[in-house]
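Student: I have a new model open on my screen, and I would like to learn how to read it. Could you walk me through its features step by step?

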Amino acid sequence: MKKTDAQREDIARWLAATDIGYFELRTPFETLRFGAPQAHCATTTLRAASVGVFRHAHPLHAAALAPIGEPVSAGQAVGVLQIGPLLLPVLAPVAGRVARWLADDGAAVGFGAALIEFQTT
């Protein structure tokens, strides 16, 4: 189950009130990491919903759908999963910034493979 922005804020507030230096919450769809110096920042990992070939851009376009450092909205297309001739959009699970690509362009990925890491505030 993906966490909402309100749930992320609740976790960040809870963490800030403790002496815990680092907190990580993993689900099949995302990983949230909180650190004491940046208690209000977290990272979310986008994972593949299916097997296929992960593309940073649509095959007919050269530019990545979401370059590193670019702000994205929740639900925005940030990549494409190609399964034979079928192209499935890969959507950002949260609003934030693309922190890094975890899967190379053109990489064959399995269900649950880490694709992109997002920095959220």
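## Reading the fold

Tutor: Happily! Start with the secondary structure: the protein chain has one helix and ten strands. Read from the N terminus, the order of elements is α-β-β-β-β-β-β-β-β-β-β. Keep in mind that this is a predicted model.

Student: Since the model is predicted, what is the mean pLDDT of the protein chain?

Tutor: The mean pLDDT is 85, and 89% of the residues reach 70 or more. The value also varies by element: strand 2 (residues 31-35) has the lowest mean, 73, while strand 9 (residues 107-109) has the highest, 97.

Student: How much of the protein chain counts as buried?

Tutor: Of its 121 residues, 34% count as buried. The accessible surface comes to about 6,600 Å², and 60% of that belongs to carbon and sulfur atoms. You can also ask how far along the sequence the contacts reach. Among contacts between residues at least 6 apart in sequence, 52% join residues at least 24 apart.

Student: Now the interior. Which residues have the most contacts inside the largest nonpolar core?

Tutor: The general idea first: in soluble globular proteins, nonpolar side chains tend to be buried together. Here, the largest nonpolar core has 17 residues, and those with the most contacts inside it are Phe54, Val78, Leu115, Ile116 and Phe118. Strand 6 (77-83), strand 8 (96-101) and strand 10 (114-120) each give two or more residues to this core. Strand 10 supplies the largest share, three residues. Another core lies apart from this one; it has six residues, among them Ile11, Ala12, Leu15 and Leu32.

Student: Could we zoom in on Leu115? What does Leu115 touch, not counting residues up to four places away in sequence?

Tutor: Leu115 touches Leu46, Arg47, Ala48, Phe54, Val90, Trp101, Leu102, Ala103 and Val109. Two of those names, Phe54 and Trp101, come back when you look for aromatic pairs.

Student: How many aromatic pairs does a search of the whole structure find?

Tutor: The search finds one. Phe54 and Trp101 form a tilted pair, 5.9 Å centre to centre, with 50° between the planes. To see what such a pair connects, check where its members sit: Phe54 is in strand 4 (residues 52-55) and Trp101 in strand 8, so to speak two distant parts of the chain, 47 residues apart.Student: Is Phe54 itself buried or exposed?

Tutor: Phe54 counts as buried because its relative accessibility is 0%.

Student: Let's turn to charges. How many salt bridges does the structure hold?

Tutor: There are two salt bridges. For each one, look at the distance, then at the location of the partners. Arg13 bridges to Asp10, with the closest N and O atoms 2.5 Å apart. Both partners lie in helix 1 (residues 5-16), three residues apart, about one turn of the helix. Arg13 is partly exposed at 46% relative accessibility, and Asp10 is partly exposed at 43%.

Student: And where do the partners of the other salt bridge, Arg100 and Glu117, lie?

Tutor: The closest N and O atoms of Arg100 and Glu117 are 3.3 Å apart. Arg100 lies in strand 8 and Glu117 in strand 10, so this pair ties together parts that are 17 residues apart in sequence. Check the exposure of each partner separately: Arg100 is partly exposed at 42% relative accessibility, whereas Glu117 is buried at 9%.

Student: Let me try single residues. Why does Thr44 count as buried?

Tutor: Thr44 has a relative accessible area of 0%, so the residue counts as buried. Thr44 is placed in strand 3 (residues 38-47). Leaving aside neighbours within four places in sequence, Thr44 is in contact with Arg8, Glu30, Thr31, Leu32, Pro93, Val94, Ile116, Glu117, Phe118 and Thr120. Glu117, the salt-bridge partner of Arg100, is in that list.

Student: What about Ala99: which residues is Ala99 in contact with, beyond those neighbours within four places in sequence?

Tutor: Ala99 is in contact with Ile68, Glu117, Phe118 and Gln119. The place of this residue is in strand 8, and its relative accessible area of 32% makes Ala99 partly exposed. Sequence distance and distance in space are worth reading side by side: Ala99 and Glu70 are 29 residues apart in sequence, with their C-alpha atoms 8.4 Å apart.

Conventions
Residues numbered from 1 in each chain as written. Predicted model: local features only at pLDDT ≥ 70, side-chain atom pairs only at ≥ 80, totals over all residues. Heavy atoms only, no water. pLDDT = per-residue confidence, 0-100. Helix = DSSP H or I, 4+ residues; strand = E, 2+ residues; numbered from the N terminus. Core = buried A, V, L, I, M, F, W, Y, C linked by side-chain atoms within 4.5 Å. Buried < 20%, exposed > 50% of the residue type's maximum accessible area, 1.4 Å probe, protein only. Contact = heavy atoms within 4.5 Å. Phe/Tyr/Trp six-rings, centres within 6.5 Å; stacked < 30°, edge-to-face > 60°. Areas by Shrake-Rupley, 256 points an atom, 1.4 Å probe, with all protein chains shown as cover. Salt bridge = Lys/Arg side-chain N within 4 Å of Asp/Glu carboxyl O.
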